[in-house]
Amino acid sequence: MDIQALRTAHPEHWMRAAAIRTLTLDAVAAANSGHSGMPMGMADVATVLFQNHLRFDPKAPNWADRDRFILSAGHGSMLLYSLLHLTGYEQATLQQLKDFRQWGARTAGHPEYGHMEGIETTTGPLGQGIANSVGFAIAEEILRARFGKNVINHHTYVIAGDGCLMEGVSQEAIGLAGMQKLGNLICFFDNNNITIDGTVDMADITDQSARFEASGWHVLEIDGHDPVAIDEAIVAAKNDPRPSMISCKTHIALGHAAQDTSKGHGALTDADQMAAAKAAYGWNYGPFEIPADVKSQWEAMGTRGGEARAEWNAQFAKLSKAKQDEFNRAFALEAPKKLSATIKAFKKQASEAGKKAATRSSSESVLEVINPIMQETVGGSADLTGSNNTKTADMGVFTPDNRDGRYIHYGIREHGMAAAMNGMVLHGGIRPYGGTFMCFTDYARGAMRLSALMNVPTVYVMTHDSIGLGEDGPTHQPVEHLAMLRATPNTNTFRPADSVEVAEAWELALTSKTTPSVLCLSRQGLPVVRTDHKTKNMTAQGAYVLADAENGKRQAILMATGSEVAVAMAARDILEAEGIGTRVVSMPCWELFEAQDESIRKRVLPGGPVRVAIEAGVRLGWDKWLLGERGREAKAGFIGMDSFGASAPAPELFEKFGITAEATAQKVRDLLG
């Protein structure tokens, strides 16, 4: 690269971009850790985007109609931190840049949502950002259709690298975006031909432009260091009705001795090489020093956004009071006041009717009463709508021709669905839920973990939750998945026993603001076990006494979740008939029970009686309740799975694997001696 020619052709632009490059070098050197090359290579693209196109206001970082800027290549986090500091975000202080990657700093190694205003999503696991961006763009389309283009009409910009595009989730994302014609989504591909191991072609020869074109995208190819070409490409992208990918041919670690090498990907900390790079840039300033004229040019970009926001405020004020209240409620993640009464009425009807139903069907019935009063819900399924029971009659299907639709056919894209739902929540104004078979949480796992890490209340509807799905066999029967979900911090895993607990779980999921929820639902029909109506949401306690000992002294406590609660109740009938007083505890959400005061947990699980847990999954995790919480190993047993399942009708599977009322009763007898 002829650095001098670049400097001479566009001197003011060059110095603005050099500010990003030098802040990156200084911060990575101070931390002796990080990734210098990507911010140095994409500084020109980011500078033109912020200078000429991006609508944002650092004084109102959560303005609903701002453009969204997502750094999918999250290892290049200093690009984002530099931009936020230069444009005047209050939390992006110079000291934060100096504390890059240090304990307690907002400037984590990879951008983390919630740590600093201006970070739209947590990235670092490659591919997640571009997949999130599809959700952002879908949310923008749905809200524009609902509230009008004077209130919602913005773009989502995302920077993705070779690594993002090699990850499988990227194809799920770009395929969905192309089919949906998300014209306000623009992706910049940092096409630098370098990965950690070496040049890209040692592992991949994909023609990325052809790939995006085949997926329905508008594609442009430019020199990523030419500000005129960058600007023209963004203008063209904004004017095309398709999502756009701008392939930016760049040089990683531009101007440094490590330029165009795999070393340039990582931490460039050699003092002499840093000094040489800065000299090549014409940057005659000390570490973390930005000349006043350059800083003022950057800050002017943010000031311009304040003017745009003032215009938007005037347009928003023209909405009716009811529309404004609904808009603000949805963006605040506040449930409508009538939700509680709606759930209570459903529970009463379900208890009185006593109708046997698969909990996946119960879930659909609950959604039938929730979705009409919560217009912010957006449902979907990974090609299993009829099995997951996630679509209600009022929703309509979201398509390029129907942006009013609130149901998305994601296709066989579990990971892409989960990541897109995270993007919708992060955008604001939307409460998404999506379904697949519970076994396929394996496919969605990367995005589900990030839901928890980011503290966003994405809802996962995972049906066919055990061997109870029957003939599809062990490839589809989850046994270890409950343990995996429960091991994930900040995730509420609900496994409801009947229609009543399903309704309670949905109420909790749709009122959560900081915790994702997983609803684990049965394929097979289950009896109503909550036959006495209670207005209180018992699932909110996590575990509660469903039935207590009636025939003599309490000698046994049976703990169960989901479909096995009915097994526990049948075992209780056997034991009570034999004079063995038996309590049944339903445990629909361990996480919520763990959060209760010890006094509540002690009332539910007192010491003394033998304990048996029944769940059609592995034992891992159950010892907390069997041996802890006043339990004892000599007085504890487990009825469940210690292997994968098999292909057969569900009743036969439960019999063959010993998950029956009689096996449970016998376990109690054995423990009692």
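Trainee: At what angle do the axes of helix α14 and helix α15 cross?

Mentor: In this predicted model, the axes of α14 (residues 338-353) and α15 (residues 359-370) cross at roughly 140° and come within 10 Å.

Trainee: Why is α14 called oblique to α15?

Mentor: Angles over 145 degrees count as roughly antiparallel and those from 65 to 115 as roughly perpendicular, with oblique kept for the rest once angles under 35 are also set aside; the crossing at roughly 140° falls in none of these ranges, and therefore α14 is oblique to α15. The crossing of this pair is right-handed.

Trainee: What makes the contact between α14 and α15, and how do its residues divide by class?

Mentor: From α14 come L339, T342, I343 and F346, while α15 brings S362, S365, V366, V369 and I370. By class, six of these residues are nonpolar and three are polar, with no charged residues in the contact of α14 with α15.

Trainee: How do you know that α15 and α20 are oblique to each other?

Mentor: Helix α20 (residues 499-509) packs against α15 at an angle of about 50°, the axes being 9 Å apart. Roughly parallel would require an angle under 35 degrees, and roughly perpendicular one from 65 to 115, so the pair is oblique.

Trainee: Which handedness does the crossing of α15 and α20 have, and which residues make the contact?

Mentor: The crossing in which α15 passes α20 is right-handed. The contact is formed by T359, S362, S363, V366, L367 and I370 of α15 together with S499, V502, A503 and W506 of α20, and these residues comprise six nonpolar, four polar and no charged.

Terms used: Residues numbered from 1 in each chain as written. Predicted model: local features only at pLDDT ≥ 70, side-chain atom pairs only at ≥ 80, totals over all residues. Heavy atoms only, no water. Axes fitted to C-alpha atoms, helices over the stretch in contact; angles between N-to-C directions. Helix = DSSP H or I, 4+ residues; strand = E, 2+ residues; numbered from the N terminus. Left-handed = near helix turned anticlockwise from the far one by under 90°. Contact = heavy atoms within 4.5 Å. Nonpolar A, V, L, I, M, F, W, Y, C, P; charged D, E, K, R; others polar.
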